[in-house]
Each structure stands twice: as C-alpha cells, then as structure tokens.
Amino acid sequence: MKFDTPATTNPIDRLKVIGKPTNRIDGPLKTTGAAPYAYEQRDIPANAAYGFIVGSAIAKGRLVSVDTADAEAAPGVLTIVTAANAGTLGKGDFNTAKLLGGPDIEHYHQAIALVVAETFEQARAAAALVRADYARARGAFDLTAAMDSAAPPKPMFGTIADTAVGDFDAAFAAAPVTLDARYTTPDHSHAMMEPHATIAAWEGDRLTLWTANQMVAWSVGDMAKTLGIPKENIRLVSPYIGGGFGGKLFIRADALMAALGAKAAKRPVKIALPRPFIANNTTHRPATIQRIRLGATKDGKITAIGHESWSGDLPGGGPETAVGQTRLLYAGPNRMTRMRLAVLDLPEGNAMRAPGEAPGLMALEIAMDEMAEKLGMDPIDFRILNDTQVDPEKPERPFSQRQLNECLTTGAGKFGWAKRSAKPGAARDGRWLTGMGVAAAFRNNINATSAARVRLDKAGVVTVETDMTDIGTGSYTIIAQTAAEMMGVPLDKVVVKLGDSAFPVSAGSGGQWGANSSTAGVYAACAKLREAVAAKLGLNAADAEFVDGEIRSGDRRVSLGEAAGDAGLVAEDRMEYGDLADKYQQSTFGAHFCEVGVDAATGEIRIRRMLAVCAAGRILNPKAARSQVIGAMTMGAGAALMEELAVDKRFGFFVNHDLAGYEVPVHADIPHQEVIFLDETDPTTSPMKAKGVGELGICGVAAAVANAVYNATGVRVRDYPVTLDKLLGGLPAIA
Amino acid sequence: MKAFTYERAATPAGATAAFAKAPGARFIAGGTNLLDLMKLQIETPAHLIDVSRLALDTIEPTKEGGLRIGAMVRNTDLAADARVRRDYGLLTRALVAGASGQLRNKATTAGNLLQRTRCPYFYDTNQPCNKRQPGSGCAAIGGVSRTLAVLGASEACIATHPSDMAVAMRALDASVETVDAAGKARAIPIADFYRAPGTTPHLETMLEPGELITAVTLPKPMGGTHIYHKVRDRASYAFALISVAAVVQKDGSGRVALGGVAHKPWRVEAAEADMPRGAKAVASGLLAGATPSHDNAYKLPLVERTLAGVLAEAKG
C-alpha cells in the first residue's frame with residue numbers, strides 16, 4: 001500500500017481499541033521474568049559456550065603483538081579469536097570503526113580478542129591473561145582543541161551542513177537586541193539496563209543470532225557484509241530488548257564476536273558486554289559546542305537566528321546534527337545554521353535518543369530564555385510571538401500540524417506558570433531557592449517503509465508477524481491494538497510476533513519512527529487480509545464491516561474463524577510513502593515545564609516537579625505513550641543535572657565507565673511528573689494519523705531544568721551538566 | 001575474576017588462623033565491594049575466608065556508657081538500632097545516606113570501614129594506579145579528578161575514601177577493635193586507623209596482614225545536634241562529592257568531620273575550637289594545606305558553604 005494522499009476516514013478512526021490506555025500485552029511476561037532477553041534465550045542449540053571480549057587498552061595506535069598462550073592454557077578455554085585468525089572481515093554500513101580491532105586500534109576498548117570457554121567465569125578469567133603490546137599513536141581527544149580543524153560534514157540521511165536564508169550577518173548586526181552565546185553539551189552514554197548481548201550459533205553456513213537489536217534488517221545486512229556471507233544465511237532474533245536508545249541500532253562487538261567465536265569453537269557462543277564496555281566499546285551521543293546568535297526587535301520579533309554546532313567523531317563518522325531544529329522551530333527572516341565535524345579518536349559517536357534535537361534544544365532553549373530576559377518578555381510569550389506555521393526556510397511548506405503555542409499555554413495554566421517570579425533568585429522555600437523553567441520541545445516525525453504479515457486462523461485469532469522490535473516502548477501492544485481495530489476483534493484474539501528476520505521487514509525502532517510506521521505496515525497487511533476474507537466469501541471488502549469478530553455485509557454475518565476455515569488466511573503487505581513529507585513539514589511539538597529547588601548553601605539542585613504537554617498526532621496508546629514521555633523526561637533530567645561521559649583528554653577514553661561513575665537519575669531525583677497529550681490527528685503521516693512521541697519527550701527537558709535553575713539562582717550555566725560546582729560562585733553569600 | 005578457594009570461619013580465632021595458613025587471603029563479609037573488585041581483577045585473592053557468620057553481629061552497651069558494635073552488624077541494623085538513633089543520630093544519618101537499601105542489608109560495619117576508593121582510575125586495570133599496582137603511577141593526577149581528594153593526598157595518589165559511616169565514626173571518636181593471628185587484641189582509635197597515602201597508597205589502614213576487625217566501639221553519648229549532610233549531584237545512590245558530619249552543642253561548640261575530600265575521614269580537632277565563630281573560621285582550619293586540582297577546587301568553598309548550612313540547621 002502506498003500512502004500518498006492525506007488519510008480520510010478509515011477503520012482505525014473507530015477508536016474502539018486504538019487510543020485506549022491499554023496495558024502492555026507483554027507486561028506479564030516481563031514482570032514474571034518469562035520474556036527471554038537475548039542472553040536468556042532458551043530455545044537455542046545445546047552446549048553453548050561463553051565468550052568474553054578483551055578491549056584495547058589504548059585509544060589509538062597499533063597492536064604490536066597479542067600473546068594468548070597463557071589464556072589458551074587456562075582452564076576451560078576453547079578458543080581465542082583475534083584479528084590475526086578471524087579471517088577477512090568487512091565493515092557494516094552502520095559501523096564507523098571496526099568491531100574487531102587490530103593491528104590498527106581506532107578507539108579505547110575496541111575489541112582485540114575474544115576468549116571462548118566452557119563457563120563465563122573461565123572466559124573472563126582467561127581474558128585477563130591475554131597480553132597485548134601496543135604502539136601508542138597520538139590521537140585527538142579534545143573537541144575544543146579540535147574545533148579549528150573541523151570541516152563541513154558530508155551530507156548524511158539528507159542532512160546538509162549549512163543553511164542560510166536572507167542576510168543573517170547584516171540582520172544580526174542591525175538588531176537592537178542581540179544574544180551571542182556559546183553552549184556545550186557533553187558526551188552521553190545510552191546506559192541502558194540490558195547491556196549488548198548475543199548468542200550466536202552456526203548450522204553449516206547458516207548463522208543464527210539471538211541478540212538485542214533495534215533494527216533487524218539493517219543488522220542482518222551489516223552482519224552479512226562484515227562476515228562476507230549472503231544475508232539470506234543469517235537469521236537474527238531480537239524479541240525483547242532491555243533498552244536501546246539508539247545504542248542497539250547496529251550490530252556491535254557482541255554480535256560479531258559471538259559469530260566468530262561460535263564458528264571457531266564450533267559451538268554456540270554467548271556474549272554479554274561488561275558494563276564498562278557500554279561507554280567505550282559501543283557508541284555514545286557525541287559532545288557538542290554550540291554558538292547561538294539571536295537578534296530581535298525591541299518588541300521581541302526575531303530578525304536573525306543563527307546556530308552553529310561543532311562535534312567530533314572517528315574518521316568516516318558523522319556529526320551530531322544539533323542545529324536541525326533551529327531550521328524549523330522559530331520564525332525569523334534572516335537565518336543561518338552550520339555544522340562542523342572534527343576528527344576525534346574517542347569511541348564512536350552515533351545516535352542516541354533524539355539525536356540532533358536533544359543536544360540542540362539543550363542549547364537553543366536556554367538561548368531563547370536568555371533572549372526573553374533581555375527583551376523583558378515572558379519566555380512563553382517570546383516563543384509564541386515567534387511561532388511559525390510554515391517551514392521558515394521554505395515557506396511554501398506548511399507544518400502538517402503545529403500546536404506549539406497550545407502546548408505552551410496549556411502547560412502554563414496547568415503548571416501555575418503565573419506564580420513564577422520573572423526576577424531570578426527571588427523565590428525561597430526555607431533553605432531552598434526555587435525557580436521555574438520552560439522550554440519548547442520539537443522533534444521531527446519520520447515515516448519509514450514497514451511490512452507485516454497477518455494470519456487468520458479458524459479460531460478467529462489474528463497473528464501478526466513483523467521484524468519490528470519492542471525496545472520497551474510498547475510495540476507489541478500498539479501493533480496488537482492496530483490489528484484488533486482493523487479486523488474488528490478483541491485484543492485477546494491477537495497474537496503479535498516481533499523481532500525475527502524471518503518476518504517481513506519493518507521500519508524497526510529508531511528516530512521515533514517506529515510506532516507510526518510499524519502500525520501503518522500492520523494496517524496495510526490487515527487491509528489486505530480484510531480483502532482476502534471478503535473475497536473468500538464472495539463479498540466486496542469495501543462494503544464489508546469487521547465488527548465483533550465477524551465480517552458483516554448486507555445481512556450476511558460470518559465469523560472470521562469460519563471465514564478463515566481450516567486452511568486459514570494469510571496476507572502480507574507493506575506501507576510505503578509518497579511525497580507528503582516533502583509537501584508538509586511533519587513534526588512533533590511539546591512544552592516542558594520544570595520547578596527546581598537549589599540548596600542556597602550547597603548548590604545542590606533537586607527537581608520538584610515536571611510537566612510535559614505534547615502534540616504528536618494521534619496517541620495510539622496513552623498509557624504506553626505516557627510511559628515513553630516520562631522516561632524521556634527522566635533522561636532529560638539526567639542530561640540536565642548529571643550525565644557526562646568524562647573524557648580523559650590525555651589517554652582518550654571515557655573515564656566514568658560504569659553506573660557508579662556515569663550517574664543517571666534515580667527515583668529520588670524524579671519526585672513528580674505529569675504528561676498531557678493534546679488532541680491531534682495528523683492525516684498526512686499515515687492512515688494511523690499518528691507520529692512519534694518517544695523522543696519528543698526528551699527534547700527540551702534539559703533546557704527547562706537549566707532555565708529553572710537560572711530562575712531559582714540567577715546563575716546562568718551554559719555548560720551541561722548543570723552541577724553545583726558551576727553554581728557555587730553565584731549563590732548568595734552565607735553566614 | 002581469578003579462581004580462588006574459599007572457606008568459612010566459625011570463630012574469629014579460626015579466621016585469623018586460616019589467614020596464617022594462606023597469606024594473601026582476604027576476609028569477606030558482605031562482599032558488596034570485594035566481589036565487584038574481584039570480578040574486575042582489581043583484587044585477585046587466591047583464597048577467601050568468609051567471616052560473615054561470625055558471632056559478631058550484636059550491639060552491646062560498654063561499661064563506659066557507650067556501645068560496642070560487632071564487626072558483622074549489618075549497616076541496616078546499625079542504622080535502625082534504637083540506641084544508635086537516640087544517642088548517635090549522626091551515625092544513623094550517615095549510614096542511610098550511603099548505598100542502597102539492598103546494599104546496606106548486606107554490608108557490615110567492618111566491611112564499610114574497609115571499602116576501597118571509587119577513584120575511576122583505580123577501577124580501570126588498563127590505567128596505572130599506585131593503589132592497585134604499587135609503583136605503576138597515578139593516572140588520576142592530571143586526569144579527571146572532580147570527585148578526588150583535595151586534602152592529605154600525595155604525589156602517588158589522590159584517591160578518596162568512599163565511606164559515609166566512617167566519617168560519622170570519626171566525628172564520634174569511635175575505636176576499632178581487632179584481633180591478630182596470635183590472638184592478640186587491640187583497639188585502634190579511628191583517628192589513627194587510616195594511613196596517609198604517601199608513597200604507599202596501597203596500604204590503606206593500620207591493620208596488619210591477617211588482623212581481623214571484631215568490633216567498633218563508640219564512647220558514651222555526647223549529646224548535641226547531629227547532622228550529616230552528604231552533598232552529591234544525584235539525590236541518592238551516589239558517593240559524596242563532599243560530606244559534613246557535625247555534632248553541635250547548644251553553646252555552639254562541637255566537632256566536625258568531612259567525607260569525600262581525602263583518603264580518610266578528615267577531621268582537624270584544632271579547627272573545632274572555632275565552631276562558635278562559624279563556618280568560615282572552622283573551614284579555614286579544616287582545609288589548611290589543601291591541594292586541589294582544577295576539577296575539584298570547588299570542594300573547598302563547598303565545604304565551607306555546606307558547613308555553614310549545617311551550623312544554621314543546628315541552630316534551628
């Protein structure tokens with residue numbers, strides 16, 4: 001099915017199942033521990049061995065020698081894989097550095113060897129006996145120092161380095177009120193609960209991977225390319241994923257090394273990455289340096305808006321696209337954005353929840369707060385005054401839906417924004433300085449081709465098969481809701497099977513494209529199944545109704561089970577997209593509000609309450625969507641207040657590579673959260689009329705927190721995370 | 001983790017005797033720190049002597065009017081003890097500021113004192129660390145040091161001690177009771193229990209090899225207002241950037257110890273004479289001789305400000 005004209009009324013609009021706050025259909029499996037995550041798969045060949053990866057002790061240079069003699073002699077060791085004996089390996093399209101290093105070392109903790117043993121403990125102990133000699137080379141590890149060498153990145157995924165409209169320089173120079181500020185965001189770790197993990201088993205020349213992966217088809221392709229085997233020979237199974245956040249979009253060392261280890265040991269091999277590897281062996285969100293310039297008239301109309309961003313990555317890598325939202329979020333006739341990419345020899349930078357917008361809004365939405373203050377305006381009024389209903393770089397493109405103003409005003413009322421003191425440092429609650437902050441949330445909607453197969457059996461059960469993944473987001477449930485709505489059956493008559501490359505290729509989970517795209521694929525397959533049911537009964541599908549487990553047409557009523565018969569019915573289709581996303585700018589919007597307390601003596605910052613108001617198309621399942629948004633708000637709070645991969649600029653690695661050193665919020669940090677979804681349907685996105693929401697929830701959060709800290713203290717921190725050491729100098733004198 | 005042998009001791013004497021037969025062994029109690037370190041190959045003992053079931057898990061009054069806390073008393077139980085809560089509130093507050101409920105259920109009084117540093121370079125076996133591998137150097141100096149020591153550090157080591165409990169114990173003038181392999185018992189004032197890092201940062205306490213902590217005693221209650229303020233970026237489940245343990249009497253006199261600033265709980269008794277004059281005066285004595293890095297210089301004003309907040313809170 002091709003979606004190339006805006007949706008009209010369709011069976012989803014019945015909203016009998018879609019739009020309801022349905023509990024997760026996979027919830028009981030997860031709460032009882034019965035959902036098998038990658039490392040816990042039970043339906044695997046017997047006799048699995050265990051692998052433990054040795055990571056490089058240097059960031060850049062060459063492996064002079066690897067002495068595996070002691071490790072090979074250690075108890076239980078079956079085999080050791082290194083670049084020297086792994087054979088010729090390619091590199092996947094989605095990997096920047098090789099997953100098995102040597103002789104060249106590209107980053108710290110790059111895999112240099114795999115020890116396979118009878119037990120996990122034996123593999124780990126023997127891994128410590130592998131002795132590597134290195135020739136250390138000079139690397140670049142400091143983004144600030146590398147700024148001057150940064151160059152325009154080559155276009156990736158349609159993202160260009162520079163945009164310009166009007167005459168930014170002249171307009172900025174002429175503006176009566178201006179802001180020119182520099183902001184920094186640090187490297188972030190996905191820090192998901194489940195580390196990357198894989199079980200690999202070979203049967204002849206066919207490889208099966210049970211792994212934790214967000215993008216099944218991408219990863220089958222990249223594994224095939226890396227191993228130099230046909231992708232038809234690979235089956236990748238990823239039914240449950242303990243958090244990904246972009247860190248599991250690709251195959252990583254666990255998957256490749258398990259495949260190589262299993263081949264060498266001639267047994268299935270299980271590998272889970274140890275926690276320190278999450279920071280330095282896998283990918284992370286790259287740090288940015290951002291310069292924002294705003295010029296406005298005295299009454300607050302933006303006349304010039306400029307946003308530049310610098311980030312770094314390994315050679316061949318890409319930039320953090322932190323200026324993207326600035327091309328779309330606010331009006332202004334004179335505009336410029338610019339991205340520059342430096343070569344850094346830190347571990348590979350890549351996508352993490354809302355890449356681009358998350359760090360971009362961390363800067364832009366502080367800048368908007370600063371500018372509002374310079375103008376003597378309320379920051380909400382300032383944003384509303386500069387709203388645009390069209391793409392400001394291409395005014396012929398309207399936004400398909402844009403309720404940013406409504407998000408801001410709804411949130412202001414609900415949050416009690418009127419009680420905020422415009423003057424910073426003016427509100428106090430005992431020893432706490434208190435303040436409120438706001439930020440706009442913005443994240444583009446992306447649609448991607450997605451296919452599904454649906455089966456109808458004689459019991460009237462609809463089974464959906466698609467390689468879509470559920471990374472904790474609720475894919476199982478919204479797909480079940482979609483099939484139930486389309487086929488007119490209750491939810492308990494739907495079975496959903498996900499995350500298996502044997503199933504039709506879906507959009508996968510990333511870029512908040514999963515929910516709308518994958519359900520649209522299921523919609524297409526169900527539409528075909530409805531036709532098949534009707535055709536089998538000699539009915540016209542267009543006239544038929546699918547209600548209460550029956551197909552009804554005229555005065556005929558046939559149960560779906562009966563229609564399916566013993567043979568059952570199967571339909572498969574995919575949803576593809578025309579050019580609606582070119583004609584319309586499809587984006588999601590929101591407003592984040594935060595109240596903080598700052599200890600007047602110590603500068604400790606504690607969030608008191610948070611509110612998100614989101615306008616993101618049809619909300620397929622308000623309960624799952626709320627969970628996505630509060631999780632994203634929590635992640636945004638982490639980015640605001642504590643998360644930073646600390647770079648050792650001498651040796652080129654992230655020092656705090658465990659969850660004691662890389663702090664993410666705990667319950668005590670997040671006392672109260674509320675989420676409001678505005679009513680919205682977007683007929684330009686798909687027949688589901690939905691958009692993504694899981695990444696919108698993080699966008700702008702950190703700035704709302706930072707702005708609240710400023711409002712509480714009068715100390716403007718432009719370098720994340722906003723930690724107490726950056727406040728101390730500006731806090732009130734103490735007795 | 002290196003393969004190791006294991007035995008369970010039934011008595012303190014049995015434990016120390018077992019050590020005599022297996023020099024280099026480690027005592028293990030709650031294991032909340034040692035097991036992690038073994039998994040990471042930071043500690044690689046060939047033999048473990050499990051002392052967790054020794055009958056050292058009671059809290060008894062002493063004839064001096066204080067409390068004798070068995071070495072195996074769990075942190076949770078110690079924090080919840082009615083006598084501790086009434087007379088040594090500082091200790092309860094420090095304990096519950098540390099770790100998580102699950103960890104406190106396992107962690108013991110003796111083990112808490114013997115926690116090893118959380119310096120990130122100590123935790124990465126690819127990096128030189130004089131504490132982990134004597135003589136290899138210190139990667140933390142000149143590296144990422146936001147959480148590291150500003151006082152009492154050496155050119156060999158700038159690690160901090162991570163315990164909250166020990167900071168309270170230091171302010172309370174606790175004493176560490178031990179027994180050695182020969183069966184000889186001694187009491188080490190907590191002021192003397194930890195060593196300066198000097199050139200031998202791998203030697204962290206005055207315990208001799210095989211010497212076993214049997215109890216920690218507290219002197220008789222000193223009254224006053226007990227406040228433990230642990231400062232951290234995250235609201236819970238984080239080690240202290242700095243902490244202030246204070247006992248403040250009605251007349252403004254009192255005592256104060258700091259956590260998160262040195263290789264041991266930091267207390268300067270002479271500085272306490274300035275307590276009635278306020279935080280600035282006390283802090284200048286407490287922080288004399290500080291050697292902060294660019295990353296951790298904030299700890300000095302933070303100590304002063306936190307202490308000021310604590311003294312204000314004590315006044316009520």
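This dialogue explains how to read the chain contact and two sheets in a predicted model.

User: What conventions apply to the numbering and to the model?

Analyst: Residues are numbered from 1 along each chain as its sequence is written, while chains are lettered from A and ligands numbered from 1 in the order in which they are written. The model is predicted, with local features needing pLDDT of at least 70, side-chain atom pairs counting only at pLDDT 80 or more, and totals for chains, interfaces and linings using all residues; side-chain values use heavy atoms, leaving out hydrogens and water.

User: How many residues does each chain bring to the contact?

Analyst: Contact means heavy atoms within 4.5 Å. Here chain A brings 42 residues and chain B brings 35 residues. Buried area is the accessible area (1.4 Å probe) that two parts lose on being put together, summed over both. Between chain A and chain B this area is about 2900 Å², with carbon and sulfur atoms giving 56%.

User: Which side chains form the salt bridge between the chains?

Analyst: A salt bridge requires a side-chain nitrogen of Lys or Arg within 4 Å of a carboxyl oxygen of Asp or Glu. The rule finds one across this interface, where Asp725(A) meets Arg146(B) at 2.9 Å, N to O.

User: Which elements of chain A supply at least two residues to the side that touches chain B?

Analyst: Helices (H or I, at least four residues) and strands (E, at least two) are DSSP runs, numbered from the N terminus. Helix 3 (120–127) and strand 28 (647–648) of chain A each supply at least two residues to that side. Helix 3 of chain A gives the most, with three residues.

User: How is the sheet with the order 22-23-24 in chain A paired?

Analyst: Two strands pair if DSSP finds at least two bridges between them. In chain A, three strands form an open, antiparallel sheet in the order 22-23-24. Its edge strands, 22 (545–547) and 24 (556–559), each pair on one side only. Strand 23 (residues 550–553) of chain A joins strand 24 of chain A over four bridges, and Glu550(A) has Ser559(A) as its bridge partner in strand 24.

User: Why is one side of strand 1 and of strand 2 in chain B left without a neighbour in the sheet?

Analyst: The open sheet of chain B has three strands in the order 1-3-2, with parallel pairing. Strand 1 (5–8) and strand 2 (26–28) of chain B stand at the edges, each with a single partner strand, so one side of each has no neighbour in the sheet. Strand 1 of chain B runs parallel to strand 3 (residues 47–50) of chain B, joined by four bridges, and Tyr6(B) stands opposite Leu48(B) in strand 3.
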